[in-house]
Each structure stands twice: as C-alpha cells, then as structure tokens.
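Could you walk me through this structure in my viewer, one selection at a time? I would like to know what to pick next and what I will find there.

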Amino acid sequence: MFFVKGLGNFKHLNVAVKDMLSKNGLVRTLVTSSILAKKVSFNLSDIGEGIREVVVKDWFVKPGDKVSQFDNICEVQSDKASVTITSRYDGVITKLYYQVDDVALVGQPLIDLETDENSDTNDAPTPQSNPLSVQSSNKTEEPPTAFNHEKEKEPAETSALADDTSSVFCIPSVRRFAKEHKLDLSKIKGSGKGQRILKEDLLKYIEISSTEKNQEIRTHLQPVFLNQDDIKVEPIKGFTKAMVKTMTEALKIPHFGYSDEIRVTKLSKLRKELKQLPDLDVKITFLPFFIKAASNALKRYPIINSSLDGKCENIIYKKHHNIGIAMDTNQGLAVPVIKNVAELTIIDIAQEITRLIASGRSGNFAPSDLSGATFSISNIGIIGGTYTKPVILPPQVAIVAIGKTHVVPRFDDAGNIIREEIINISGSADHRIIDGVTMANFITTLRKQLENPNLLFLNL
C-alpha cells in the first residue's frame with residue numbers, strides 16, 4: 001500500500017508502480033503559481049468630525065510583523081477621543097512612518113506593507129489558479145481504493161478560500177465579518193479577481209442596503225391623499241423661508257446642551273420695586289436682566305461670542321455684544337438684534353426690546369434690526385414650558401433659552417422650607433470649538449448675577 005504525498009515521492013517508486021497508478025487515474029498534478037510581493041502604503045483615513053491630524057499613542061505592530069485584515073495596527077488620539085486603526089490588507093509590515101507621540105496627518109501614509117498579488121489589494125486568485133488547488137488527470141469516477149482516502153481529505157485542506165457551496169470566494173476574515181453583520185455572501189458580487197469578495201464589497205453592500213431601507217421608510221411615511229380637495233399648498237415665504245434656510249444650516253452644527261435652574265426671587269422683588277418708580281415709562285420684564293447678565297458673562301468667556309470661518313480653520317472673536325432675541329411675529333419666527341449691549345443699561349435694553357416688539361407686530365423691521373447678531377436668547381417663558389433644546393443660529397456658536405417662571409418649595413441655609421421663584425435655563429453650544437466646561441461656567445456666571453442682582457450691576 002502506497003500513500004502519495006507529493007510528486008517528489010514518485011522518483012523512489014519503480015516504473016511498474018508508476019504505470020499502475022497512472023493507469024488507474026491516480027496520478028495528480030500539483031499546479032503552482034508564483035506569488036509576487038507588492039509594496040502597499042496604508043494611508044490614515046478620515047476618522048470624522050473634520051479631524052485632520054491625530055497623535056499616535058501606541059503601536060500594536062512593528063516592522064516584520066505579519067498582519068491580516070481587521071488586525072489592530074495602532075491607537076491614535078484626536079482632540080475628541082482615542083481611535084484604534086485596523087488593517088485593510090493582508091501582508092508584512094515593512095515600515096512605520098511615525099513614532100509614539102508623533103502627529104499623523106489624515107490622508108498621509110501610516111505604514112508600508114508587502115502584500116502578495118493575490119491579496120485583497122490586488123487581483124484575487126481564481127479556483128483554477130489557486131496555488132493550493134489540485135487537479136486530477138482523469139475525471140472519470142475512480143474505484144474505491146486506499147488512495148481515495150487521501151484524495152477525499154484534500155479539498156478540506158486546500159480550498160480554504162471557497163465557501164461551503166464552492167460558489168463564493170473570500171478570505172476567512174471577510175467571511176467572519178459577513179457572519180458578524182449577518183450578510184448573505186451569495187447575494188454579494190465580488191470585485192476581486194475571479195469575483196472574489198473583498199472587505200470593500202461588504203462595506204459597499206451595507207451602505208447600499210441602509211440607503212434603500214431608509215428610502216422605503218420615507219416612502220411608507222409619505223401622506224396619502226384621496227384627492228386634491230384634501231390638501232392645501234402654500235408657498236414658503238417671508239420669515240418662514242429664512243427660517244428654512246437658517247435651520248437647514250444650523251442642524252449641520254454638532255450641538256450639545258446644558259441646563260440649569262435660576263432662583264429669581266430677589267430679582268423678582270427688584271423688578272416689582274422698579275415698576276413703582278413714577279418716572280419709569282418702560283415695561284420691565286426679566287428679559288432685560290438676562291440680556292445684560294449674558295453680556296457680562298460674554299466678557300469672561302469671549303469664545304461664546306465668536307464664530308467659525310467658512311473652512312472651520314479659524315475662530316473669529318467679536319468685539320461687540322449684539323444679542324438676538326427670538327420673537328414670535330405675525331409673519332413667523334424672527335430674531336431681531338439689540339446692538340452693543342455691553343454699553344447699554346437695563347433701562348436702555350428694555351426700551352430697545354419695546355421698540356423691536358412694536359416692529360414685529362407691524363412687520364416692518366429695518367434690515368439692520370435683523371442682522372449682525374453674535375449671540376442669541378430665546379424666551380419661551382412667555383408661552384410656557386421649562387427646559388428646551390434651542391438651536392444655534394449660524395454663524396453664531398451658542399444660544400440660551402429661558403423658561404416660564406414658577407414657584408417651588410426650597411430649603412434655605414438653615415434647612416427651613418421657603419418659597420422660591422425659579423426660572424429654568426437651557427443652553428446649546430457648537431461642540432467643535434466649545435467644550436462642556438466652558439458652557440457650564442458661562443451659564444453659572446450668568447446665574448450668579450441673576451440670583452444676586454447687586455453682582456449684575458457691579459458686573460461681578
């Protein structure tokens with residue numbers, strides 16, 4: 001009994017045995033192919049949020065290491081979070097472009113690898129040219145002999161790239177990725193040589209499937225009208241048209257919110273005393289105090305009174321505090337602006353608010369009334385509500401909204417229950433340039449002045 005493991009063993013057999021094997025169709029030829037090494041540069045891809053550079057914090061590989069797709073390469077640190085970079089290729093690391101703590105640029109080479117030409121970066125092998133595949137010189141059914149036992153084991157050993165159905169070709173890491181995402185490989189067309197499925201094919205399939213699913217949802221949610229009498233078409237115009245444009249741009253900004261409550265018991269008492277003054281000919285509400293407190297806080301945190309340039313590369317700090325106040329008018333939402341608030345008194349601000357309200361009712365704002373805002377305040381308290389999530393008005397980078405005044409029980413310093421007037425405040429900021437601590441400090445500074453009006457007038 002002979003067990004054939006390779007062609008090299010035949011030179012030790014006599015001619016008679018060779019003839020016998022050949023006659024029975026048991027001689028098989030091993031088809032080989034050369035594997036050509038190819039150098040590939042793996043560039044640092046875009047990791048989102050407009051990040052253009054990162055710091056390399058740790059390497060998980062070194063030159064000479066062999067890696068496969070999805071293997072961890074390194075850890076990088078942006079100004080937001082740490083990100084682990086994984087390999088898109090199979091190959092051997094030949095060069096690291098950065099040391100630990102170096103700054104790596106998006107789109108620039110991160111590492112160099114040597115890959116064979118059959119890897120996912122190039123053409124993939126077909127079943128006929130697979131260096132591990134075996135061909136038989138006789139395709140007729142072979143008699144059951146001892147040699148068949150060896151032959152039956154070969155497909156399991158040599159067709160590792162083939163699917164169970166022998167119709168799908170991909171490497172094990174791609175097959176594992178498909179299994180994790182519950183993808184049917186038979187429905188995915190491969191772009192590699194011999195229609196081999198690559199990692200990029202899976203990612204593209206997921207993206208297309210997600211888009212089609214969203215489209216189906218949108219189609220399903222569209223209203224269905226029986227006839228034209230069931231609908232009314234009205235063109236968007238005026239303030240509403242401006243709001244459509246502004247809000248479309250506004251929601252491209254990465255918002256984050258911060259909320260707090262302000263005790264306005266002392267401020268309410270002061271406001272009532274001012275209303276008793278005989279020479280005061282203007283209505284005093286809480287809003288002028290909020291506007292002045294916001295201006296004082298902007299002096300301490302000028303980044304709240306800034307904007308970003310068109311390319312998001314520079315921060316533009318504004319000298320003047322031009323505060324917009326969101327106002328409901330007969331024509332829709334408008335945001336008239338009180339200019340140079342830092343130079344105005346509480347009475348001046350109250351008079352300007354009165355003028356702008358009158359203009360809003362008649363719908364005759366001057367162009368200058370609606371332009372140049374550097375910060376905005378929305379007063380939802382005149383309608384109701386407590387907390388909200390105000391939307392930033394570009395090119396501004398922050399906004400606050402104040403809720404309705406309500407009376408609640410609270411404890412004083414001695415532990416006694418007392419009556420307090422409370423206003424809730426909500427703020428939103430552009431998280432690209434403003435962090436949570438800055439926004440929290442800004443609102444805390446504003447809150448302290450409103451809870452202690454003496455600090456407001458002393459700008460403390």
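Start with the whole chain in cartoon view: this predicted model has a secondary structure of 10 helices and 20 strands. Now colour by accessibility: 38% of the 460 residues count as buried. If you draw a contact map, look away from the diagonal, since among contacts with a separation of 6 or more, 63% join residues 24 or more positions apart.

**Stop 1: the cores**

Nonpolar side chains in soluble globular proteins tend to be buried together. Here, the largest nonpolar core has 49 residues. Select Phe290, Ile291, Ile304, Phe375, Ile434, Met439 and Phe442, which touch the most other members. Then add helix α7, residues 286–300: its nine residues are the largest share of this core. A second, separate core holds 20 residues, including Val40, Val54, Val76 and Leu110.

Go back to Met439 and show what surrounds it. Leaving out residues up to four places away in sequence, Met439 touches Phe256, Tyr258, Ile304, Ala398, Ile399, Val400, Gly427, Ser428, Ala429 and Ile434.

**Stop 2: helix α7 and its partners**

Two packed helices are described by the angle between their axes and the distance between the axes. Take α7 with helix α9 (residues 436–451): their axes come within 9 Å and cross at roughly 135°. Angles over 145 degrees would count as roughly antiparallel, so α7 and α9 are oblique to each other. The crossing is right-handed. To see the contact, show Phe289, Phe290, Ala293, Ala294, Asn296, Ala297, Leu298 and Arg300 on α7, and Phe442, Thr445, Leu446, Gln449 and Leu450 on α9.

Next, swap α9 for helix α8 (residues 346–362). The axes of α7 and α8 come within 9 Å and cross at roughly 120°, which makes this pair oblique. The crossing of α7 and α8 is right-handed. On α7, display Leu287, Pro288, Phe289, Ile291 and Lys292; on α8, display Ile346, Ile349, Ala350 and Ile353.

**Stop 3: the loop between β17 and β18**

Select Gln396, in the loop between β17 (375–379) and β18 (398–402). Is Gln396 buried or exposed? Its relative accessible area is 7%, and buried means under 20%, so Gln396 is buried. What does its side chain reach? One partner is the backbone nitrogen of Phe375, at 3.5 Å, and a polar contact of 2.8 Å joins the side chains of Gln396 and Ser376. Beyond its neighbours within four places in sequence, Gln396 is in contact with Ile253, Ser306, Ala373, Thr374, Phe375 and Ser376.

Stay in this loop, where Pro395 also lies, and check the backbone: the peptide bond from Pro394 to Pro395 is cis, with omega near 10°.

**Stop 4: two positive phi values**

Most residues other than glycine have a negative phi, and most peptide bonds are trans. Now pick Asp101, in the loop between β7 (91–96) and β8 (103–105). Phi of Asp101 is positive, near 80°.

Finish at Cys312, in the loop between β12 (306–308) and β13 (315–317). Phi of Cys312 is near 55°, again a positive value in a residue other than glycine. Cys312 is partly exposed, because its relative accessible area of 43% falls between the 20% and 50% cut-offs.

Key. Residues are numbered from 1 along each chain as its sequence is written. This is a predicted model: local features need pLDDT of at least 70, side-chain atom pairs count only at pLDDT 80 or more; totals for chains, interfaces and linings use all residues. Side-chain values use heavy atoms; hydrogens and water are left out. A nonpolar core is a set of buried Ala, Val, Leu, Ile, Met, Phe, Trp, Tyr and Cys residues joined through side-chain atoms within 4.5 Å. Buried means under 20% relative accessible area, exposed over 50%, partly exposed in between (1.4 Å probe, protein chains only). Helices (H or I, at least four residues) and strands (E, at least two) are DSSP runs, numbered from the N terminus. Contact means heavy atoms within 4.5 Å. A polar contact is a pair of N or O atoms within 3.5 Å; within protein, one must be able to donate a hydrogen and the other to accept it, and residues adjacent in sequence count only if both atoms are side-chain atoms. Axes are lines fitted to C-alpha atoms, for helices over the stretch in contact, and angles run from 0 to 180 degrees between N-to-C directions. Angles under 35 degrees count as roughly parallel, over 145 as roughly antiparallel, 65 to 115 as roughly perpendicular and the rest as oblique. A crossing is left-handed if the near helix is turned anticlockwise from the far one by less than a right angle, and right-handed if clockwise.
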